[in-house]
Amino acid sequence: MSVGGATDERAVDTTTLIIGAGFAGIGTAIRLLQQGHDDLVILERDVRPGGTWRDNDYPGAACDIPSRLYSYSFAPNPEWTQTYSESSEILAYIDGMIADHGLDRHIRYSHLAIGMEFDEAVGSWIVDIADREPIVARTVVVASGPLSTPGYPDITGLDDFAGHRMHSAAWDHEYDFEGKKVGVIGTGASGVQLIPELVRAGADVTVFQRTPGWVLPRLDRRVSGMSRQLYRSMPLTQTVARRLWFAGHESVALGAVWNSPFTRVIEAVAKLNLRAQVGDPWMRRQLTPDFRAGCKRLLMTNDYYPALQADNCALVTWPIARICEHGVRTVEGIERRFDCLVFATGFEVSKQGTPIPIRGRGGRVLADEWSGGAYAYKSFAVSGFPNLYFTFGPNSGPGHNSALVYMEAQIEAIVTAISIIRDRGLRLLDVHEPAQDAYNATIQKRLEHTTWNSGCRSWYLTADGFNATMYPGFATQYIAQMRTIDFTRDFRAVAAEVPS
Ligand code: N01
């Protein structure tokens with residue numbers, strides 16, 4: 001591998017190391033290559049790229065954000081066949097970007113990063129990789145995604161179940177659901193997509209719901225061949241469509257982020273949707289949320305409520321007491337027997353942002369620094385951990401707009417930082433702690449006025465209600481803050497020693 005060009009030339013294997021070949025890692029690599037950063041390596045733990053869209057291939061997996069907005073503006077895709085694309089099409093888009101930009105030669109598959117330490121003297125990160133030699137890199141981008149490890153619920157007897165079991169993020173495609181008695185735990189964004197498919201597949205489905213979510217209609221339609229031809233021949237039409245969807249989602253954020261009268265508007269639309277789709281008053285009551293819309297992810301689906309009312313589906317709202325050898329017992333004492341249990345229970349987020357142990361300047365351990373709640377400067381850099389950048393770091397979650405819109409803003413900031421290190425021949429670039437503290441004080445203050453502070457429970461919040469996940473504002477504001485980073489005022493730059 002080539003050399004970063006600072007004090008100890010042999011010590012640096014690669015200038016930039018990206019951890020993860022999902023959307024964030026691929027997007028970062030494309031923008032780095034476009035800026036002339038050819039010396040980069042992407043570590044991927046799996047044998048295929050795609051991250052969340054590779055792992056979440058349960059039946060019905062699709063994006064609940066319109067495809068025009070769920071793609072990079074620097075890699076538009078005129079070929080989307082639906083307003084909301086299915087996971088296979090999104091994966092094909094990722095594969096297409098890898099092919100178009102020749103990224104495969106940069107990706108090291110089956111390379112699992114397991115820890116990293118900053119060598120201050122050299123100004124580089126030593127990244128440990130399972131069963132392989134470490135790689136030394138001038139800069140590292142953590143793009144491993146906050147929702148990458150399947151989460152199982154803390155229910156007594158979880159391992160006692162003798163039947164088949166699977167998680168939405170680790171689907172068993174060999175299993176034939178037809179005629180099987182299937183219990184589904186979890187009714188979040190993944191649950192509402194897969195439940196209708198299990199009902200359609202002829203399973204006898206029992207849905208265990210702990211908290212009903214706010215459900216909005218999904219305005220999906222096929223994109224005609226003529227429209228795709230238009231998008232291909234006039235790229236401007238793609239930009240226009242993207243802007244329209246962007247504006248639409250910014251208006252949703254008005255109600256779903258801020259605890260405001262607009263929140264009532266979203267709730268009213270969702271209640272009308274419930275009334276239109278569910279005739280039975282008892283069932284409507286069971287499906288009516290008791291928290292402010294936006295606190296959990298809004299659910300966009302047209303076939304979830306109909307599926308719950310199908311003859312081969314039952315909704316159970318009694319809390320689960322325990323999982324037994326043959327099924328699930330609820331608190332009223334009834335044990336229901338199943339052939340298969342499906343967990344649509346989300347992801348392990350406790351280690352969010354620190355998927356691996358990270359040791360920075362002076363031996364500072366990131367997990368310790370974040371033990372009271374994760375924080376960063378503008379979500380992408382942490383003081384004491386120079387030359388290290390995060391995609392989807394603390395308080396960067398979009399909630400109600402496209403993750404890719406936020407990601408693109410992060411990527412631009414990261415590429416700028418890495419270019420500064422290269423162009424100025426720096427050993428390290430480290431954010432000033434006061435700048436980071438001031439930023440986080442503002443973020444936490446603004447969070448007070450959001451729906452996430454309205455007393456609900458959500459994976460966005462820690463058990464004691466701290467929000468290190470979501471950005472308290474509009475995508476427009478987030479993009480603006482990422483474009484106006486003052487690298488001179490807010491960062492400490494240390495030049496590499498020039499060998500005499
Ligand atoms: O997971 P979740 P998800 N007993 O954590 C329930 C992204 N995503 O995989 O609400 C009973 O939202 C839990 O109940 P409750 C998106 O960012 C995007 O669905 O905690 N139930 C809930 O119903 C999303 O936010 C797309 O009371 C238990 C469910 O399990 C994120 O992924 C599509 C329980 C978990 O819901 C996660 O969504 C899909 C227990 N002990 C997902 N523990 C797009 O289209 C948990 N639950 C872009």
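The following dialogue discusses how to read two sheets, a ligand shell and one helix in a predicted model.

User: Which conventions apply to this model?

Analyst: Residues are numbered from 1 along each chain as its sequence is written. The model is predicted: local features need pLDDT of at least 70, side-chain atom pairs count only at pLDDT 80 or more, and totals for chains, interfaces and linings use all residues.

User: What is the strand order in the open sheet of five strands?

Analyst: Strands of a sheet pair through backbone hydrogen bonds, either parallel or antiparallel. Helices (H or I, at least four residues) and strands (E, at least two) are DSSP runs, numbered from the N terminus, and two strands pair if DSSP finds at least two bridges between them. Here the order is β7-β16-β8-β9-β12, with parallel pairing. The edges are β7 (164-167) and β12 (313-316); each has a single partner strand, so one side of each is left without a neighbour in the sheet. On average, neighbouring strands of this sheet are turned by 20° against each other, direction ignored; axes are lines fitted to C-alpha atoms, for helices over the stretch in contact, and angles run from 0 to 180 degrees between N-to-C directions.

User: How many bridges join β9 and β12?

Analyst: Strand β9 (residues 204-208) pairs with β12 in the parallel sense over four bridges. Thr206 stands opposite Ala314 in β12.

User: How is the open sheet of three strands ordered, and what is the sense of its pairing?

Analyst: Its order is β13-β14-β15, and the pairing is antiparallel. β13 (320-323) and β15 (335-337) stand at the edges with a single partner strand each, so one side of each lacks a neighbour in the sheet. From one strand to the next, the twist averages 25°. Three bridges link β14 (residues 327-330) to β15, and Gly327 has Arg337 in β15 as its bridge partner.

User: Which residues surrounding the ligand are the closest?

Analyst: A residue is near a molecule if its C-beta atom, placed from the backbone, lies within 6 Å of it. Of the 25 residues that surround the ligand, the closest are Pro153, Gly186, Gly188, Thr211 and Gly346. Helix α4 (residues 189-200) supplies the largest share of the shell, three residues.

User: Is helix α11 largely enclosed or left open?

Analyst: A residue is buried if 20 or more other C-beta atoms lie within 10 Å of its own, exposed if 12 or fewer, and partly exposed in between, with C-beta atoms placed from the backbone. In α11, 15 of the 21 residues are buried, so this helix is largely enclosed by the rest of the structure. Just after α11, Gly425 takes a positive phi of about 60°.
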